[in-house]
Amino acid sequence: MSSEVIKCLIIGSGPAGYTAAIYAARADLKPILYTGMVPGGQLTETTEVDNFPGYPKGITGPEMMEDLKAQAVRFGTDVRFGMVTKADLKSSPKKIWVDETTELLAETVIVSTGASAKWLGLPNETRLRMSAGGVSACAVCDGFFFKGQEVAIVGAGDTAAEEATYLAKLCKKVYMIVRRSEMRASKAMQNRVKNTPNIEILWDSETEDILGENAVEAVIVKNHKTGESKKIIVTGFFVAIGHKPNTDIFKGQLDMDELGYIQVVGGTSKTNLKGVFAVGDAADKVYRQAVTAAGTGCMGALDAERYLAEIGVH
Ligand code: NDP
């Protein structure tokens with residue numbers, strides 16, 4: 001087992017992690033960033049990114065992540081492929097194990113492990129998601145590509161309700177597929193959905209299959225009360241059945257809400273442990289945008305820099 005002591009460790013390689021790296025490297029914290037198993041994070045699974053400031057013509061998710069990485073590397077970030085598997089964040093310096101083999105000692109840790117969208121698990125959902133064929137878990141990111149078209153969205157929580165109303169502004173029609181006869185979303189959000197004329201709620205319904213060779217063409221929906229299956233013609237299929245923050249390895253050390261999102265001191269990236277900062281989707285269940293993740297990544301690096309100055313590490 002190798003062991004090294006560093007000033008700043010960044011865990012995760014989405015917009016939050018790379019932005020933290022850009023700021024930390026420029027502040028001479030000599031950060032090491034571990035990418036996790038999906039270098040670039042959730043954005044590597046999207047197609048066009050049209051809403052990140054600075055790209056007037058848009059950019060693909062994977063290209064944008066390459067740009068962010070290149071910018072972090074340019075200032076000296078040591079980007080390493082590997083998965084943090086265990087952490088002792090209460091010790092000082094903090095102890096981190098990577099792929100069970102490397103042990104790192106870090107004065108500060110910036111957690112930017114992100115969140116993963118939950119999927120239904122249907123084979124055609126995976127296929128059309130991977131081939132950018134019109135299956136998405138982010139209406140705000142991808143809704144625009146379905147302007148004037150008919151789409152479906154699965155889910156009945158606040159996210160699904162919010163995304164359905166967002167899509168309804170852009171699309172001709174939105175089918176909302178709800179598995180029970182009621183919604184989990186707040187009453188206010190439910191009312192917004194119910195009062196939007198171009199949203200049709202399909203109650204007690206499950207998605208049986210998604211049809212289409214290269215792009216979504218239709219969805220087979222089964223009403224499990226009547227037993228009836230029907231085909232609805234749509235070109236986009238959105239899944240909004242929740243996200244899971246990638247924070248399991250920090251349970252019992254970092255304060256989290258009941259869903260596993262890391263709790264930070266309002267307006268900062270500070271966690272309950274000194275020297276540990278949480279940024280991006282791992283600490284945000286509301287906004288979940290690349291630009292908000294990048295913004296909090298910046299905050300994480302600035303907070304880490306100030307903490308190191310306070311404890312006299314230069
Ligand atoms: P939730 O866990 O609240 O809701 C998930 C929804 O997906 C539920 O309706 C659930 O159905 C449904 N679902 C789960 N699995 C399946 C499946 N396999 N097939 C079909 N449907 C399924 O997740 P959200 O992302 O909506 O919200 C997460 C948290 O973030 C919540 O606390 C929410 O309040 C909060 N939030 C707040 C916002 C705001 O304040 N503006 C905006 C967005 C989120 P069922 O109800 O039957 O279990």
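**Ligand site, domains and the residue N223**

In this predicted model, an oxygen atom of the ligand is found 3.2 Å from a polar backbone atom of A156, a pair that counts as a polar contact (N or O atoms within 3.5 Å; within protein, one must be able to donate a hydrogen and the other to accept it, and residues adjacent in sequence count only if both atoms are side-chain atoms). Side chains also take part: a polar side-chain atom of T159 is placed 2.6 Å from an oxygen atom of the ligand, and for R180 the corresponding distance from a polar side-chain atom to a ligand oxygen is 2.7 Å. Taken alone, the ligand exposes 920 Å², of which the protein buries 74%, the accessible areas being calculated by the Shrake-Rupley method with a 1.4 Å probe.

The model is a prediction in which local features need pLDDT of at least 70 and side-chain atom pairs count only at pLDDT 80 or more, whereas totals for chains, interfaces and linings use all residues. Residues are numbered from 1 along each chain as its sequence is written, and side-chain values use heavy atoms, with hydrogens and water left out.

Around the ligand there are 16 residues, of which D158, T159, R179, R180 and R184 come nearest; a residue is near a molecule if one of its heavy atoms lies within 4 Å of it. This shell is made up of five nonpolar, four polar and seven charged residues, where Asp, Glu, Lys and Arg count as charged. Helix 5 (residues 158-170) gives the most to the shell, with three residues; helices are DSSP runs of H or I with at least four residues, and strands are runs of E with at least two, numbered from the N terminus.

The domain assignment, which is automatic or taken from a database, gives domain 1 (3-116 + 243-310) and domain 2 (119-239). Because both domains give residues to the shell around the ligand, the ligand lies between them. The centres of domain 1 and domain 2, taken over C-alpha atoms, are separated by 31 Å, and eight residues of domain 1 are in contact (heavy atoms within 4.5 Å) with nine residues of domain 2. Between the two domains about 740 Å² is buried, with carbon and sulfur atoms giving 49% of this area; buried area is the accessible area (1.4 Å probe) that two parts lose on being put together, summed over both.

N223 lies in strand 15 (residues 218-223), and the side chain of N223 reaches the backbone nitrogen of K225 at 2.7 Å and that of T226 at 3.0 Å.
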